[in-house]
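Subject: Handover of a structure

Dear colleague,

Please find below the structure that I am handing over to you. My notes on what was found in it follow directly after.

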Amino acid sequence: VIQKRASDLLSKWVGESERNIAAAFAEARESGAFLVFDEADSLLGDRRNAQQGWEISQVNEMLTWMESHEQPFACITNLMSHLDEAALRRFSFKVRFDFLKPEQRDAAFRHYFGIEPPDGVRAMDLLTPGDYAVVRNRAKLLGCMDDAPELMRMLRQEVTIKPNNRREIGFKASVH
């Protein structure tokens, strides 16, 4: 596996980003490696929002290589809505990883903290494995890996700061 980030590919020099993109695909082809572009929205941004010519040529370069690259590769993003429509059409598979389901939340608690999950973990919506990893790192630093209530508090804190925190489903009746 070869992983490429925007910092590996983007350059302030005109044409250099395109050369770096081409080199990444060539490296994967020559080595037979599976190529992964992390945070692909920085490489495949919607051209309708482009303000500079290089933004368009960079996406065009990616699209050309995506189409001609004979080996499988992957692009990863948390901002799929920001991707260029033409890029989306070039993917054979589009896989969305959603928030953990209740049974997955329990399993993640056991995995990341090594203790049984307390009541309430299953009901916490919007959790991802990344939330557990962040809380585990913080809990290790604070020395509270075995403090289930504190771990729950920190997980709730991670959910609260998410920009896509869900609103109530349904409607509220009002009397006029």
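Which helices help to cover the buried residues of helix 7? Among what covers them are helix 5 and helix 6. Please bear in mind throughout that this is a predicted model.

I shall begin with helix 7 itself. Its 13 residues should span 18 Å at 1.5 Å a residue, and the end C-alpha atoms are indeed 18 Å apart, which agrees. Its buried residues are Ala148, Leu151, Met152, Met154, Leu155, Glu158 and Val159. Around the axis they cover an arc of only 165°, which puts them on the same side of helix 7. Pro149 and Thr160, on the other side of helix 7, are exposed.

Helix 5 (residues 102–113) can be read in the same manner. For its 12 residues, a rise of 1.5 Å a residue gives an expected span of 16 Å; the end C-alpha atoms are 17 Å apart, which agrees. Arg105, Asp106, Ala108, Phe109, Tyr112 and Phe113 are buried in helix 5. Viewed down the axis, the buried residues fall within an arc of 165°, so they line one face of helix 5. Their cover includes helix 6 (129–142) and helix 7 (148–160). After helix 5 comes glycine 114, which has a positive phi, near 70°.

The nonpolar cores come next. The largest contains 21 residues, and those with the most contacts inside it are Phe25, Phe37, Leu44, Met62 and Met66. Two or more residues of this core come from each of helix 2 (16–31), strand 2 (35–37), helix 3 (53–68) and helix 4 (85–89). Leaving aside residues up to four places away in sequence, leucine 44 touches several residues, including Val59, Met62, Leu63, Met66, Cys75 and Phe91. A second, separate core has 20 residues, among them Ala108, Leu127, Ala148 and Leu155.

I turn now to the aromatic rings. A pair of aromatic rings is described by the distance of the centres and the angle of the planes. The count comes to seven aromatic pairs. In one of them, the rings of phenylalanine 25 and phenylalanine 73 have centres 5.6 Å apart and planes at 80°; an angle over 60 degrees counts as edge-to-face, so this pair is edge-to-face. The pair links distant parts of the chain, with phenylalanine 25 in helix 2 and phenylalanine 73 in strand 3 (residues 73–75), 48 residues apart. Phenylalanine 25 has a relative accessible area of 0% and is buried. Phenylalanine 73, at 17% relative accessibility, also counts as buried, because the limit for buried is under 20%.

What kind of pair do the rings of tyrosine 112 and tyrosine 132 form? Their centres are 5.8 Å apart and their planes are at 25°, so the pair is stacked. Tyrosine 112 lies in helix 5 and tyrosine 132 in helix 6, so the pair ties together parts that are 20 residues apart in sequence. Tyrosine 112 is buried at a relative accessible area of 16%, and tyrosine 132 counts as buried at 0%. In addition, Phe25, Phe37, Trp65, Phe73 and Phe91 form one aromatic cluster.

Finally, a search of the whole structure for disulfides finds zero. Cysteine 75 is partly exposed, with a relative accessible area of 22%, whereas cysteine 144 counts as buried at 9%.

Yours sincerely

Technical notes
Residues are numbered from 1 along each chain as its sequence is written. This is a predicted model: local features need pLDDT of at least 70, side-chain atom pairs count only at pLDDT 80 or more; totals for chains, interfaces and linings use all residues. Side-chain values use heavy atoms; hydrogens and water are left out. Helices (H or I, at least four residues) and strands (E, at least two) are DSSP runs, numbered from the N terminus. The expected span of a helix is 1.5 Å times one less than its number of residues. Buried means under 20% relative accessible area, exposed over 50%, partly exposed in between (1.4 Å probe, protein chains only). The arc is that of the directions from the helix axis to the C-beta atoms. Contact means heavy atoms within 4.5 Å. A nonpolar core is a set of buried Ala, Val, Leu, Ile, Met, Phe, Trp, Tyr and Cys residues joined through side-chain atoms within 4.5 Å. Rings of Phe, Tyr and Trp (its six-membered ring) pair if their centres lie within 6.5 Å; planes under 30 degrees apart count as stacked, over 60 as edge-to-face and the rest as tilted. A disulfide is a pair of cysteine sulfur atoms within 2.5 Å.
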